[in-house]
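User: I would like a close look at one part of this protein. Please keep it brisk and take me through the surroundings as well.

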Amino acid sequence: MPNPSFIRAAAVVLASLGYFAKQCVADEIIVRLDQPVYVVSGPGDVVTAQVLIDGNADRQGLQPVSDGLFSAGLKILFDDRKATVDSKANVIVKRELDYFGFSAPALVSTTPSGEVSIHGNISQADVPLKLYQGSVLGSVRMTNRATAVDRYPLTLDFGRNLGPNEDFFVDGKGITRDASIRFIPSEVVVAEAPAQGDLDGDGTVGVQDIELLSGAVQTRIDPGQYDLTGDNQVNYDDLQLLIEGPEYLNTWIGDADLDGQFTTTDFVTVFVAGLYETGSPASWNQGDWNGDGIFDTSDFVGAFVSGGYEVGPRPAVAAVPEPNSLIFLAVGLLFLWHRRSLSI
Ligand SMILES: [Ca+2]
Ligand SMILES: [Ca+2]
Ligand SMILES: [Ca+2]
Ligand SMILES: [Ca+2]
């Protein structure tokens, strides 16, 4: 007969092991909105939030859920005095997931106010099943009601409970992944006169805004507020505009410390961070100057094209392009070579 205190101790150990196993979910799945912050200026302004799923937060960009997705069930919660989603027409479920059970469309609810829920699965009519491998679950168009200055969260959670044993996120193998889901909230910032390029609404355009934009470039889902060039795409062009534009940071690609000049200090800054060619995630001041999330030789290309190395601050107004000093050098060498060949 084992000692009862031993059994108690063993039970505690087993329970804590179970607890830690739950805590250390190896394959965490992130569910979040496309922007950490939505900046608006007052009542009537629209926030269009795409709902995203990322099957591997350790890798750059958005990764599909391993084994694909069979179903998803979530809701967005907000203060109904500060925002509204007037009708179901403002909720779009990704076409591939726009089914509920065996029929279409997905289950969408905009009641009670302050809550939008989506519950959808792939079409079960397809043989074999076409599992969802994408990153966008749907989108919600909300109207801000709050006046400046204000801020309020948009939180995410599992969808409305439809019954016992209900699973929300089920993968292509029919396994519930609910225990692996981590919801990340976003925020709406209502600013009096939001500055262009102030993507986090903190009142200044700075390195955090560059990080937000770089993060958005990597997702490849083009969040609206980050499209500074207005071409409906969020890519390097938008980052370049944020860095170089006179109405934005008005500096050079390569100005890692954002002091307005691209000098050896910036090289020291990024090389001290020690991420060159490591493949590890790097930020602007760690050498990622093209927004792909890592620091490698390609970051020097943009800096070279930007042409700001050791030339001082960028002029406030776009000057007439002058021939690059390297062109002068090339012309000079050609001249010398020509002279030498003539003198032989
Ligand atoms: Ca900012
Ligand atoms: Ca753009
Ligand atoms: Ca600098
Ligand atoms: Ca890079």
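Leaving aside its neighbours within four places in sequence, which residues is aspartate 299 in contact with?

Analyst: This is a predicted model. Aspartate 299 is in contact with Gly287, Asp288, Trp289 and Asn290, once neighbours within four places in sequence are set aside.

Start with the site itself. Aspartate 299 sits in helix H5, which covers residues 298-306. Aspartate 299 is buried, because 22 other C-beta atoms lie within 10 Å and the cut-off for buried is 20 or more. Glycine 254 is 45 residues away in sequence, yet its C-alpha lies 8.3 Å from that of aspartate 299.

Next, the stretch between H3 and helix H4 (264-273). Asparagine 250 is in this loop. So is leucine 258. Both residues have unusual backbone angles for their type. Most residues other than glycine have a negative phi. Asparagine 250 has a positive phi of about 50° and is not a glycine. Leucine 258 also has a positive phi, near 50°. As for burial, asparagine 250 counts as partly exposed because it has 17 C-beta neighbours inside 10 Å. Leucine 258 has 16 such neighbours, so it too counts as partly exposed.

Now helix H3, residues 236-244. Its buried residues are Asp238, Leu239, Gln240, Leu242 and Ile243. They pack against helix H2 (207-219). Leucine 213 shows part of this in detail. Setting aside residues up to four places away in sequence, leucine 213 touches Leu199, Tyr226, Asp238, Leu239, Leu242 and Gly291. Among these, Asp238, Leu239 and Leu242 are buried residues of H3.

Valine 205 lies in the loop between strand S13 (186-190) and H2. Valine 205 counts as buried because it has 21 C-beta neighbours inside 10 Å. Beyond its neighbours within four places in sequence, valine 205 is in contact with Ala195, Gly197, Asp198, Tyr248 and Leu249. Isoleucine 243 is 38 residues from valine 205 along the chain, and their C-alpha atoms are separated by 9.8 Å.

Leucine 213 also leads to the core. The largest nonpolar core has 70 residues, and Ala49, Val91, Val188 and Leu213 touch the most other members. This core lies between domain 1 (26-194) and domain 2 (208-327), because both give residues to it. In soluble globular proteins, nonpolar side chains tend to be buried together.

Two peptide bonds elsewhere deserve a check. Most peptide bonds are trans. The bond from alanine 104 to proline 105 is cis, with omega near -5°. Proline 105 is in the loop between strand S6 (91-93) and strand S7 (107-109). Alanine 148 and valine 149 are also joined by a cis peptide bond, with omega about -5°. Valine 149 falls in the loop between strand S9 (136-144) and strand S10 (150-158).

Last, the whole protein. It has 6 helices and 13 strands. Of its 344 residues, 32% count as buried. Among contacts between residues at least 6 apart in sequence, 64% join residues at least 24 apart. Back at the starting point, aspartate 299 is one of the buried residues, and its contacts include Trp289.

Definitions and conventions:
Residues are numbered from 1 along each chain as its sequence is written. Chains are lettered from A and ligands numbered from 1 in the order in which they are written. This is a predicted model: local features need pLDDT of at least 70, side-chain atom pairs count only at pLDDT 80 or more; totals for chains, interfaces and linings use all residues. Helices (H or I, at least four residues) and strands (E, at least two) are DSSP runs, numbered from the N terminus. A residue is buried if 20 or more other C-beta atoms lie within 10 Å of its own, exposed if 12 or fewer, and partly exposed in between; C-beta atoms are placed from the backbone. Two residues are in contact if their C-beta atoms, placed from the backbone, lie within 7 Å. A nonpolar core is a set of buried Ala, Val, Leu, Ile, Met, Phe, Trp, Tyr and Cys residues joined through C-beta atoms within 7 Å. Domain bounds come from an automatic or database domain assignment.
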